[in-house]
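Hi,

Here is the structure I promised to pass on. Have a look at it first, and my notes on what turned up follow below.

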Amino acid sequence: MVRRPVAWVAAIVLFVEAVGIAMLNWLLGTVVDNQDMSLAGLDPDLMSISSKVGGLVFGLYFALCGLTALLAAVRDRAPGLFGRILLISAAVVHGLLGALTVGLVGWNAFAFMMVGLALIVFTLFAFDRPRRPVVAAPEDSDSGGGSDAPPAGGPTAPPVPSTS
């Protein structure tokens, strides 16, 4: 099966992104602090601290998403409800960041974000819970092949409870 290696790669990509986004925001906060810059009269220290805290929170978010993908790969089963919600939100974030990076950073960054998006979506769909097979009802031999009988091998409707 391909789903376990893809989940492993998705986990690694999410961990790399977690470290990268935390480092980028930490660097931006340090630059603001060193330059003593202000934006529209905002406190530079507050801007520096909020950039660093935001980077750490966003990095922890991506690390938690990576942990969810890693657990799916190790256990070889679909993540639970919370894990699926995390991975879906990470897919949405990757789509939005991919749209932003095209104009701001370039096509290479966009391609990286879309690869991350594809890995997350594939992990979600590959570990989808298996559906129960549809069991065909046994053919009634004395019905003479009436028109109410479903075709052989096709899905059947559940039995209707009687009201009498």
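**The salt bridge**

Arg-3 and Asp-76 pair through their side chains in a salt bridge, at 3.1 Å from N to O. Do keep in mind that this is a predicted model. The count of salt bridges comes to one. The partners come from distant parts of the chain: Arg-3 belongs to helix α1, while Asp-76 sits in the loop between α2 and α3, and 73 residues separate them.

Are the two partners buried or exposed? Arg-3 has a relative accessible area of 22%, so it counts as partly exposed. Asp-76 comes out at 29%, which means that it is partly exposed too. For reference, buried would need a value under 20%.

**The nonpolar cores**

On to the inside. The largest nonpolar core is made up of 19 residues, and the ones with the most contacts inside it are Leu-14, Tyr-61, Phe-62, Cys-65 and Ile-120. Four elements each give two or more residues to this core: α1 (3–35), α2 (44–75), α3 (81–104) and α4 (107–126). Helix α1 provides the largest share, with seven residues.

If you want one residue to click on, try Ile-120. Setting aside neighbours within four places in sequence, Ile-120 is in contact with Leu-14, Leu-87, Ala-90, Ala-91 and His-94. Apart from the largest core there is another one, of five residues, including Ala-7, Ala-72, Ala-73 and Ala-78.

As background, nonpolar side chains tend to be buried together in soluble globular proteins.

Cheers

Note on methods
Residues are numbered from 1 along each chain as its sequence is written. This is a predicted model: local features need pLDDT of at least 70, side-chain atom pairs count only at pLDDT 80 or more; totals for chains, interfaces and linings use all residues. Side-chain values use heavy atoms; hydrogens and water are left out. A nonpolar core is a set of buried Ala, Val, Leu, Ile, Met, Phe, Trp, Tyr and Cys residues joined through side-chain atoms within 4.5 Å. Buried means under 20% relative accessible area, exposed over 50%, partly exposed in between (1.4 Å probe, protein chains only). Contact means heavy atoms within 4.5 Å. A salt bridge is a side-chain nitrogen of Lys or Arg within 4 Å of a carboxyl oxygen of Asp or Glu.
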